[in-house]
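Good morning, everyone, and thank you for making time for this. I would like to walk you through one protein model slowly, so please keep the picture in view while I talk.

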Amino acid sequence: MRNIKKILIEERTYKKYFVKELEDNFHTSSGVISSEDLRSDKEVIISNKGKRFLLLEPNFADLWESLQRGPQVMIQKDIGLIIAKTGINKTTFVVDAGGGSGSLCLSLANICKEIIVYEINPEHLDVIRKNIEMFGVKNLKLKQEDIYKGIKEKNIDLLTLDLPEPWQVIEHAEKSLKTGGHLVVYLPNLTQVKTFIDSTNKTRIKVLQIIEILEREWKIEDKIMRPEFQMLGHTGFLIFCRRF
Ligand SMILES: C[S@@+](CC[C@H](N)C(=O)[O-])C[C@H]1O[C@@H](n2cnc3c(N)ncnc32)[C@H](O)[C@@H]1O
């Protein structure tokens, strides 16, 4: 059962609020929204201070913003490229490790047929479970297992690895990915990237691309037209591989 029932977005500031309870009035910095309005099917409502808000069902991207965070999560700029480059859809079978906070695996679960998630740390598993509940996801299965020791699943369409030593998974990946299947590895350091690439030599896993995404927002306001001073810079390198 999802615990976020509705979202409110203020028209003037675009500030977003997450509403968990529809029976009580909701207080914002721009006035109070009545519980009657929250339960209504109106899409635009007005606070007691006369400010306009959109009232919407939360979609996946809205819920992602309120994801509970344990270990460092993969962020949307990187997740987006994985989805685009692997072309996953409702027929795709995915294995992900380590699950971490669930940011990547939940984003993939939103699109694919089925996803199995390996996570070794029980505390991180608890974080993922809470996030699964918030998203109401049904096609994701969690395993408290060390993926370095093996992958039981076969015929995998996509394997994603966001953990410190993915080279320990390369032989298992070779056996478990279907021919043509995708392997995507996410690593923060170039030294790790080099070790991983070396580990693919003499295997059927071939490295196709190594990509880093930098995201720069722009400020457009009257005569101001410039990049924001801060940007989303280096998070990690994405290594796109395929099993031949
Ligand atoms: C950076 S986090 C992954 C974040 C995740 N991709 C997300 O978007 O939320 C790395 C995770 O890998 C897990 N991990 C490390 N080694 C592992 C292993 N051998 N098998 C399974 N999980 C492992 C860690 O416990 C940690 O939760």
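Let me begin with a definition: a residue is called exposed if 12 or fewer other C-beta atoms lie within 10 Å of its own, and buried if 20 or more do. With that in hand, look at F229, which has 7 other C-beta atoms within 10 Å and is therefore exposed. F229 sits in the loop between β14 and β15, and its C-alpha atom is separated by 32 Å from that of T160, a residue 69 places away along the chain. I should also say at this point that what you see is a predicted model.

Now for the overall picture. The protein chain has 244 residues, of which 32% are buried, and it contains 7 helices and 15 strands. Along its principal axes the C-alpha trace spans about 70 × 45 × 30 Å. The chain is divided into domain 1, covering 6–58, and domain 2, covering 62–243, and the C-alpha centres of these two domains lie 34 Å apart. If we take the contacts in the chain with a separation of 6 or more, 57% of them are between residues 24 or more positions apart.

Let me turn to a strand, β6, which comprises residues 52–56. Which of its side chains are buried, and which are not? F53 and L55 point to one face and are buried, whereas R52, L54 and L56 point to the other face and are not. This fits a general pattern, in that the side chains of a regular strand alternate between the two faces of the sheet. Strand β6 also has partners: β1, residues 6–10, runs antiparallel to β6 and is joined to it by 4 bridges, with L8 having L55 as its bridge partner. On β5, residues 44–46, we find 3 bridges to β6, again in an antiparallel arrangement, and here I45 stands opposite F53. The hairpin of β5 and β6 has 5 residues between the strands, and G50 in this hairpin takes a positive phi near 80°.

Next comes a helix, α3, which runs over residues 76–86 and has D78, I79, I82 and T86 as its buried residues. Why do these four belong to the same side of α3? They cover an arc of only 100° around the axis, and that is what puts them on the same side. As a general point, an α-helix has 3.6 residues a turn, so residues three or four places apart point the same way. On the face of α3 turned away from the buried side you will find the exposed residues K77 and A84. The buried residues, for their part, are covered by elements that include α4, β10, β11 and β15. Just after the helix comes G87, whose phi is positive, near 65°.

The model also contains a ligand, and 21 residues surround it, the closest being M74, G98, G100, S103 and D162. Sorted by class, this shell holds 10 nonpolar, 8 polar and 3 charged residues. One of the closest residues, G98, deserves a second look, since A97 and G98 are joined by a cis peptide bond with an omega of about -15°. G98 is located in the loop between β7 and α4.

Finally, there are a few single residues I would ask you to find for yourselves. N155 is not a glycine, and yet its phi is positive, near 60°; it lies in the loop between β9 and β10, and it counts as exposed because it has 10 C-beta neighbours inside 10 Å. K202 is another residue that is not a glycine but has a positive phi, in this case of about 65°. K202 is found in the loop between α7 and β12, and with 6 C-beta neighbours inside 10 Å it too counts as exposed.

The last residue is R226, which lies in strand β14 and has 9 C-beta neighbours inside 10 Å, so that it counts as exposed. Which residues does R226 contact, once we leave aside its neighbours within four places in sequence? They are W218 and K219. By contrast, the C-alpha atom of V95, 131 residues from R226 along the chain, is separated by 41 Å from that of R226. Thank you for listening.

How values were computed. Residues numbered from 1 in each chain as written. Near = placed C-beta within 6 Å. Nonpolar A, V, L, I, M, F, W, Y, C, P; charged D, E, K, R; others polar. Helix = DSSP H or I, 4+ residues; strand = E, 2+ residues; numbered from the N terminus. Arc of directions from axis to C-beta. Contact = placed C-beta atoms within 7 Å. Pairing = 2+ DSSP bridges. Domains from an automatic or database assignment.
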